[in-house]
Amino acid sequence: MPFVKVNIEEVIEQKCQQSESFKKNWDESREEYRLIGELVQLRKAEKVTQCRLAKLTGNKQQVISRIENKENMPTLRTFCNLLSAIGYELKIVKKTN
């Protein structure tokens with residue numbers, strides 16, 4: 001059976017239009033991925049390796065890697081601990097439209 005090419009962006013857009021709950025979940029996951037990406041950028045900017053971050057937080061390097069590769073989503077507590085270990089904190093601010 002031959003492989004069929006799929007345009008994943010089109011499929012996601014169709015699903016978002018068909019289902020409000022899918023769209024909500026998709027949008028929320030995008031924000032989670034964005035935050036993880038920022039964590040990775042900050043860790044690298046501070047010149048902290050995954051191994052060093054693991055030692056600072058009491059995790060294994062593999063755990064840090066899985067989080068950064070978006071294979072596992074950290075709890076809010078874990079995310080805040082990772083940020084704190086590299087000298088940052090999470091703040092909540094009112095949206096501006």
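Guide: A crossing of two helices is right-handed if the near helix is turned clockwise from the far one by less than a right angle, and left-handed if anticlockwise. The model discussed here is predicted.

Visitor: Which hand does the crossing of α3 and α5 have?

Guide: The axes of α3 (50-57) and α5 (76-85) come within 9 Å of each other. With the hand defined by the turn of the near helix against the far one, α3 passes α5 in a crossing that is right-handed.

Visitor: How are α3 and α5 oriented to each other, and which residues of α5 make the contact?

Guide: The two axes cross at roughly 110 degrees. Angles of 65 to 115 degrees count as roughly perpendicular, and α3 and α5 are therefore roughly perpendicular to each other. On the α3 side the contact is made by L53, L56 and T57, and on the α5 side by N81, L82 and A85.

Visitor: How many charged residues does the contact of α2 with α5 have?

Guide: The axes of α2 and α5 lie 10 Å apart at an angle of about 20 degrees, so α2 is roughly parallel to α5. Their crossing is left-handed. L35, I36, L39 and L42 of α2 meet F79, L82 and L83 of α5. By class, this contact has seven nonpolar residues, no polar ones, and for charged residues the count is no residues.

Visitor: Is α1 parallel or oblique to α2?

Guide: Helix α1 covers residues 8-18, and its axis comes within 5 Å of that of α2. The axes cross at roughly 125 degrees, which makes the relation of α1 to α2 oblique.

Visitor: How many charged residues are in the contact of α1 with α2?

Guide: I12, K15, C16 and Q18 of α1 meet E20, F22, K23 and W26 of α2. By class, four of these residues are nonpolar and one is polar, and the charged ones number three.

Visitor: Which helix gives the most to the largest nonpolar core?

Guide: The largest nonpolar core has 11 residues, including I36, L53, I64 and F79. α2, α3, α4 and α5 each supply at least two residues of this core. With three residues, the helix that gives the most is α5.

Visitor: Which residues is I86 in contact with, leaving aside neighbours within four places in sequence?

Guide: I86 belongs to the largest nonpolar core, as do L39, V48 and L53. Contact here means heavy atoms within 4.5 Å. With neighbours within four places in sequence left aside, the residues in contact with I86 are L39, L42, R43, E46, V48 and L53.

Definitions and conventions. Residues are numbered from 1 along each chain as its sequence is written. This is a predicted model: local features need pLDDT of at least 70, side-chain atom pairs count only at pLDDT 80 or more; totals for chains, interfaces and linings use all residues. Side-chain values use heavy atoms; hydrogens and water are left out. A nonpolar core is a set of buried Ala, Val, Leu, Ile, Met, Phe, Trp, Tyr and Cys residues joined through side-chain atoms within 4.5 Å. Buried means under 20% relative accessible area, exposed over 50%, partly exposed in between (1.4 Å probe, protein chains only). Helices (H or I, at least four residues) and strands (E, at least two) are DSSP runs, numbered from the N terminus. Axes are lines fitted to C-alpha atoms, for helices over the stretch in contact, and angles run from 0 to 180 degrees between N-to-C directions. Angles under 35 degrees count as roughly parallel, over 145 as roughly antiparallel, 65 to 115 as roughly perpendicular and the rest as oblique. Ala, Val, Leu, Ile, Met, Phe, Trp, Tyr, Cys and Pro count as nonpolar, Asp, Glu, Lys and Arg as charged, and the others, Gly among them, as polar.
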